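Trainee: Before I use this model, I would like to go through the labels attached to it and hear the reasoning behind each one.
Mentor: Fine. Ask about each label in turn.

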Amino acid sequence: MKKKIFKYLKNLLIKNKFKIFNRRNFENKFENSNSKVLIEFNAFHYTHCYMSIITSYFVKMYSANLIAFNNHKLSSTSFEDSLTRKIKWFFGKIFKLKFFGIYSSFGVTDFIDPIGRKKDYKEASKIYNNLISNIKKKSDITKIQIDNILLGDLIYDGYLKLYSLETLDFNLIKFKKYLYNFILLYLYWKNYLINNNVKCIIGVHSVYAYGIIYRIAFSKKIDVFTTMAGRVFRLDYSNQYNYDEYKFFKDIFLKFTEHEKKRFRNYSKTLINKRLDGKVGNDIKELITTKSAFSKFYDKNKNVLSKNKKIKILIATHQLGDACNFWGENFFSDFYEWLKFLSKLSKETDYEWYIKDHPYYSDLKYAKSLDRTAELTRKLVKENNKLIHIPSDISHHQIIEEKIDFVLTIYGTIAFEYAYFKIPVILATKNCPMYKCNMNICPSNLDEYENTLRNLENVKLKINEEDVLDYFFMKYVYNDYDVFFDKHSEFLVKNKWDEYDSFEYYKYWMNNVDLKKLNEMYKIFDNFYKSKKYTIDLSHNNKLLNALKS
């Protein structure tokens with residue numbers, strides 16, 4: 001009890017200091033303005049720091065009101081509000097409680113919470129009846145459009161996310177209710193953006209139902225910016241997802257001099273080798289993972305793979321908690337459908353099929369997602385004796401040394417990791433960072449994917465190490481999460497990744513950001529905004545870029 005009280009008082013002190021910090025640096029109120037800038041209202045502590053700078057930039061530009069909006073309905077909360085939640089929202093707004101007070105401290109003048117409006121019910125029913133009558137199979141859902149705006153990927157992944165499901169049954173009442181409520185939420189935001197002079201929207205996630213308001217904004221030429229994990233993105237009709245910068249990798253890298261390319265490749269090699277030595281965290285430009293899949297400690301006297309001449313395939317599973325359609329539609333609607341397809345195919349081929357999950361780490365919030373994934377893997381192995389389970393803690397070094405022939409993933413990092421060892425990786429999507437980097441086998445559709453898998457004895461791929469190094473540099477160095485705030489990753493030296501969403505990050509921010517640092521970040525953002533580029537990268541931070549070049 002004493003610990004809880006002490007923690008509460010400690011957090012309260014940090015929160016009050018953070019409010020004072022914000023009021024001192026972000027006094028941005030133009031209450032009589034007709035223009036509006038929208039900012040997502042959430043409990044992601046570190047994003048509050050980044051969004052406060054971005055919103056300040058646009059509030060001043062447009063002399064606009066700053067409005068916070070609840071964007072979590074149908075992603076992490078239900079559409080209908082309970083009486084308790086309505087009361088909390090009402091009093092939170094009035095008395096500036098909890099995060100209402102935080103947002104108010106950097107200029108928010110009002111908070112909006114989407115609701116189902118009676119006048120939308122008739123139109124929602126009409127849209128719903130049209131959509132539901134055209135759903136004959138799961139893949140039809142990801143293609144759903146309303147007003148010629150693609151929303152199907154948000155519907156599919158959002159439904160799985162909200163209910164923690166591995167796959168979708170469109171005949172269930174639960175899904176039909178979700179779809180109807182999704183339409184109501186769409187109509188709410190459509191009406192809001194039609195009837196309000198919104199200049200810019202700043203949020204976090206681009207997937208699940210979070211993305212509804214952004215997709216509508218694209219059609220109305222409203223600026224959309226998102227920030228997560230230290231990164232900042234400018235979304236639009238052509239680039240609708242966070243981390244879409246891969247589309248520009250090749251063009252950007254080609255502009256470097258040969259001397260610069262050589263330096264960048266050497267730096268990439270250093271970081272990749274650290275990754276393959278079992279390092280985690282900022283040592284390998286990776287903030288989330290706390291347990292490496294490349295431990296070098298394993299028993300060489302115990303084989304994981306059978307000693308025979310059969311073609312050996314490793315299926316590297318994805319976490320069920322992730323959005324399958326993270327970068328757009330794939331060959332399979334969800335991870336379960338992909339695994340089910342591979343399980344069926346394994347029975348029809350004479351290969352040796354292995355399946356392995358991510359290493360398990362219990363110290364992060366993703367642990368539940370890993371539990372669900374492991375449960376599905378065990379189920380598939382139990383149902384199909386052609387699938388051989390490899391424990392998640394087995395090192396990839398052992399699998400590589402025992403001569404695995406092919407690796408299967410939809411869009412996992414294993415695609416470049418195994419390519420570095422010259423081992424062919426077959427992707428199951430056209431929409432991912434690795435697709436055009438010449439280091440993997442990249443079918444263009446499901447038929448080609450299946451044909452490739454059925455004829456692996458004819459598949460040849462020459463992997464150039466430079467392609468892997470170039471990809472790594474562009475993905476993890478040129479688009480580093482420290483470009484905007486150069487101490488973003490240092491937070492992990494004394495804290496866990498989960499604590500980015502804690503009051504400890506407020507404290508860290510105040511200890512490392514002063515007026516000079518804020519002005520530097522404003523300058524970086526201004527440089528980025530005027531460049532019209534998709535994301536803040538090294539081109540907007542000459543100090544970091546020149547350090548790499550020299």
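The questions below go from the whole chain to its sheets and then to single residues.

Trainee: What kind of model is this, and how many helices and strands does the protein chain have?
Mentor: The model is predicted. The protein chain has 20 helices and 13 strands.

Trainee: Why is the protein chain called as compact as a globular protein of its length?
Mentor: The globule rule gives 24 Å for 550 residues, and the radius of gyration of the protein chain is 24 Å, so the chain is as compact as a globular protein of that length. Along the principal axes, the C-alpha atoms fill a box of roughly 75 × 60 × 55 Å.

Trainee: What share of the residues in the protein chain is buried?
Mentor: Buried residues are 57% of the 550, where buried stands for a relative accessible area under 20%. The accessible surface of the chain is about 25200 Å², and carbon and sulfur atoms hold 52% of that surface.

Trainee: How much of the contact count comes from residues 24 or more positions apart?
Mentor: Such pairs supply 72% of the contacts that have a separation of 6 or more.

Trainee: How many positive and negative side chains are there, and how far apart are the centres of the two sets?
Mentor: There are 91 positive and 63 negative side chains, with 5 Å between the two centres.

Trainee: What makes S11 and S13 edge strands?
Mentor: Start with the sheet: five strands pair in parallel in the order S11-S10-S9-S12-S13, and the sheet is open. Strand S11 (387-390) and strand S13 (425-426) each have a single partner strand, so each has one side without a neighbour in the sheet. Within this sheet, S9 (residues 312-316) and S10 (residues 352-356) are joined by five bridges. Opposite tyrosine 354 of S10 stands leucine 314.

Trainee: Why is S2 called largely enclosed by the rest of the structure?
Mentor: Six of its six residues are buried, so the description follows from the count. Side chains in a regular strand alternate between the two sheet faces. In S2, one side carries Asn65, Ile67 and Phe69, the other carries Leu66, Ala68 and Asn70, and all of these are buried, which leaves both faces covered.

Trainee: Which strand pairs with S2, and over how many bridges?
Mentor: Strand S1 (residues 35-41) pairs with S2 in the parallel sense over six bridges. Glutamate 40 is placed opposite phenylalanine 69 of S2.

Trainee: What makes S7 mostly covered?
Mentor: In S7 (residues 223-228), five of the six residues are buried. Strand S6 (residues 197-203) runs parallel to S7 and is joined to S7 by four bridges. Cysteine 200 has aspartate 223 in S7 as its bridge partner.

Trainee: How do you know that asparagine 22 is buried?
Mentor: The relative accessible area of asparagine 22 is 0%, and the cut-off for buried is under 20%, so the label applies. Asparagine 22 sits in helix H1 (residues 2-25). Leaving out residues up to four places away in sequence, asparagine 22 touches Glu27, Ile102, Ser105 and Phe106.

Trainee: Is valine 59 buried or exposed?
Mentor: Valine 59 is buried, at 0% relative accessible area. Valine 59 belongs to helix H2. Its C-alpha atom is 25 Å from that of tryptophan 89, which is 30 residues away along the chain.

Trainee: Why is isoleucine 288 called partly exposed?
Mentor: Its relative accessible area is 26%, and partly exposed covers what lies between under 20% and over 50%. Isoleucine 288 is in the loop between helix H11 (258-276) and S9. From isoleucine 288 to lysine 309, 21 residues apart in sequence, the C-alpha distance is 38 Å.

Trainee: What makes the phi of serine 63 worth a remark?
Mentor: Most residues other than glycine have a negative phi. Serine 63 is not a glycine, yet its phi is positive, at about 45°. Serine 63 lies in the loop between helix H2 (45-62) and strand S2 (65-70), and with 32% relative accessibility it is partly exposed.

Trainee: What is the phi of aspartate 147, and where is that residue?
Mentor: Aspartate 147, also not a glycine, has a positive phi of about 55°. Aspartate 147 is in the loop between strand S4 (145-146) and strand S5 (149-150). Its relative accessible area of 44% makes aspartate 147 partly exposed.

Notes:
Residues are numbered from 1 along each chain as its sequence is written. This is a predicted model: local features need pLDDT of at least 70, side-chain atom pairs count only at pLDDT 80 or more; totals for chains, interfaces and linings use all residues. Side-chain values use heavy atoms; hydrogens and water are left out. Helices (H or I, at least four residues) and strands (E, at least two) are DSSP runs, numbered from the N terminus. The radius of gyration is taken over C-alpha atoms; the globule rule is 2.2 Å times the number of residues to the power 0.38. Buried means under 20% relative accessible area, exposed over 50%, partly exposed in between (1.4 Å probe, protein chains only). Contact means heavy atoms within 4.5 Å. Accessible areas come from the Shrake-Rupley method with a 1.4 Å probe; for residues, only the protein chains shown count as cover. Lys and Arg count as positive and Asp and Glu as negative; His and the chain ends are not counted. The place of a charge is taken as NZ of Lys, CZ of Arg, CG of Asp or CD of Glu. Two strands pair if DSSP finds at least two bridges between them.
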